[in-house]
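This note is meant for a colleague who is meeting the structure for the first time. Please read the numbered points with the sequence and the model side by side.

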Amino acid sequence: MNLDYLVLGAGAHNFNGGDVIATLVIFIVLMALLKKFAWGPLMGIMQQREELVASEIDAAENARKESAKLLEEQRSLLKEARTEAQTIIESAKKQGEVQRDEIITAARAEANRLKESAVREIETEKEKAIAAVREEVVSLSVLAASKVLGKEISEEDNSALIKETIAKAGEAK
Amino acid sequence: MDHGAPELTIGFLTFNLSTVLMLVVTAAIVFLIAFIATRNLKLKPTGMQNFMEWVMDFVKGIIQSNMDWKTGGRFHILGITLIMFIAVANLLGLPFSGIIVGGDLWWKSPTADPTVTLTLAAMVMVLATYYGIKMRGTGNYFRTFVQPMSFMFPLKIVEEFANTLTLGLRLYGNIYAGEILLGLLAGMAGSGAVGFIGAIIPTMAWQGFSIFIGFIQAFIFTMLTMVYLSHKVSADH
């Protein structure tokens, strides 16, 4: 049964040299055209994309490294700042203590000075008072003696006399 | 239903104009698809560019399954052109199969013509031999004919022709058979109302199957092309 006539009268009857050449020429021309107009640009863009992806990956890697470095830097800076702050606090504390001691010492010295001056003043006042009392006693004694003797003695002579007597009495005591 | 072929003889060359026409149509369609798909190329692909890139990666996968990319990269363009050309050629016969003008059959799959398929197969084998000699040196290349044993020589010679024949005739047979069956079904559909109703379902089924076969055969042809090329080109076989 020859089915060939059904669909395809073409082809298998005899050898068509022209078809061979036509096939080759058409296929090769097609391949050349596609290479120039389609596959070439497409391959170019795919290559470009590959490069882009590679460069992006590199960039990302670099950025990651950079950020890690920065982070490390920041961390060390922070650590440094912390130690510095610690030092500052400690030195401030120490200074404060020193100052406190100084202030206390100064205050103590001041208090002592005040006390001493007060004591000195008291002493002076006491001496003054004693002197006043002595004087009063002398004048009273003179007055009394003049009253007793009935004889007017000059107050100055007597007071000298009595002062002497009292001084003697003081020494004797 | 008998029809002839529109043949034209120039000198000693006979052209089957139908085959030539269909080859040109196939080439035009492939070129248009590829050309339109690769306009306005972007780094971030959209639409048709995705499809073409998928085809490229697919062929790249075929090549890489046979040889390393450093050797096989040069066959990339051949592979993409082959697979698209054959796929389109196989599918062309489906929609208008059997358009007859003036008693001659004009519209068919170009790959349903053994001349075309055998030409492509021979081209592949010639390329394989060329690259085999070019990349391995003449001496190394011809030494493979007597390896591993010298008595293999006749078998190796036969293998060259057998490869060519099977590569071409496999494609031809599949597409030709598909078109014959479609022709029979079309004839049945044209025979009357009962025949038409009876033929609808099988025609649809067979057309669907033919689409599948068309792609599969294009894939097989490209795959075997790369197998033969790698067989000739790489030294570790």
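1. Helices and strands, as named throughout this note, are DSSP runs that are numbered from the N terminus, a helix having at least four residues and a strand at least two. With that in mind, B:M223 can be placed in helix α8 of chain B. The coordinates under review are those of a predicted model, and local features were taken up where pLDDT is at least 70.

2. B:M223 is a useful place to begin. Its relative accessible area is 25%, and therefore B:M223 is described as partly exposed. Apart from neighbours within four places in sequence, B:M223 is in contact with B:I62, B:S65 and B:N66. As for B:L155, which stands 68 residues from B:M223 along the chain, the two C-alpha atoms are 23 Å apart.

3. One of the contacts of B:M223, B:N66, deserves its own point. B:N66 sits in the loop between α2 and α3 (69-72) of chain B, and a polar atom of its side chain lies 3.1 Å from the backbone oxygen of B:I62. When neighbours within four places in sequence are set aside, B:N66 is in contact with B:M223, B:M226, B:V227 and B:S230.

4. Is B:T222 buried or exposed? B:T222 belongs to helix α8 of chain B, which covers residues 193-233, and it counts as buried because its relative accessible area is 0%. Beyond residues up to four places away in sequence, B:T222 touches B:I62, B:G79, B:L82 and B:I83. B:I62 thus appears among the contacts of B:T222 and also among those of B:M223.

5. Salt bridges come next, and the count over all chains is seven. As background, side chains of opposite charge can pair when their charged atoms come close. Within chain B, B:K232 forms a salt bridge with B:E160, with the closest N and O atoms 2.3 Å apart. Because B:K232 lies in helix α8 and B:E160 in helix α7 of chain B, this pair ties together parts that are 72 residues apart in sequence. Both B:K232 and B:E160 are buried.

6. A further salt bridge of chain B joins the side chains of B:K108 and B:D113, at an N to O distance of 3.8 Å. Here, too, the two partners, B:K108 and B:D113, are both buried.

7. Turning to chain A, the reader will find three helices and zero strands, so that, in keeping with how such elements are assigned, the order from the N terminus on is α-α-α. Of the 173 residues of chain A, 17% count as buried. The accessible surface of chain A is about 13,300 Å², and carbon and sulfur atoms account for 61% of that area.

8. In helix α2 of chain A, the side chains of A:R64 and A:E61 meet in a salt bridge, with 3.3 Å from N to O. Because A:R64 and A:E61 are three residues apart in that helix, about one helical turn separates them. A:E61 has a relative accessible area of 33% and is therefore partly exposed.

9. The surface of chain A also carries a nonpolar patch, formed by A:I21, A:V25, A:V29, A:L33 and A:F37, which together have about 380 Å² of accessible area. A:F37 lies in helix α2, which takes in residues 17-149 of chain A. Because its relative accessibility is 32%, A:F37 counts as partly exposed.

10. How much area is buried between chain B and chain A? The size of an interface is often given as the accessible area lost when the parts come together. For chain B and chain A the buried area is about 4,300 Å², with carbon and sulfur atoms giving 77% of it. The contact draws on 56 residues from chain B and 39 residues from chain A.

11. Between chain B and chain A the count is one salt bridge: A:R49 pairs with B:E53, and their closest N and O atoms are 2.7 Å apart. Four residue pairs are in polar contact across this interface, with both residues of each pair at pLDDT 80 or more. On the side of chain B that touches chain A, at least two residues are supplied by each of β2 (13-16), α1 (17-37), α2 (47-64), α4 (76-92), α5 (114-136) and α7 (153-189). Of the elements of chain B, α1(B) gives the most to that side, with nine residues.

Key:
Residues numbered from 1 in each chain as written. Chains lettered and ligands numbered in written order. Heavy atoms only, no water. Patch = residues over 30% accessible without salt bridge, like charges linked within 9 Å, V, L, I, M, F, W, Y side chains within 5 Å. Areas by Shrake-Rupley, 256 points an atom, 1.4 Å probe, with all protein chains shown as cover. Salt bridge = Lys/Arg side-chain N within 4 Å of Asp/Glu carboxyl O. Buried < 20%, exposed > 50% of the residue type's maximum accessible area, 1.4 Å probe, protein only. Contact = heavy atoms within 4.5 Å. Buried area = accessible area lost by both parts, 1.4 Å probe. Polar contact = N/O pair within 3.5 Å; in protein donor to acceptor, adjacent residues only side chain to side chain.
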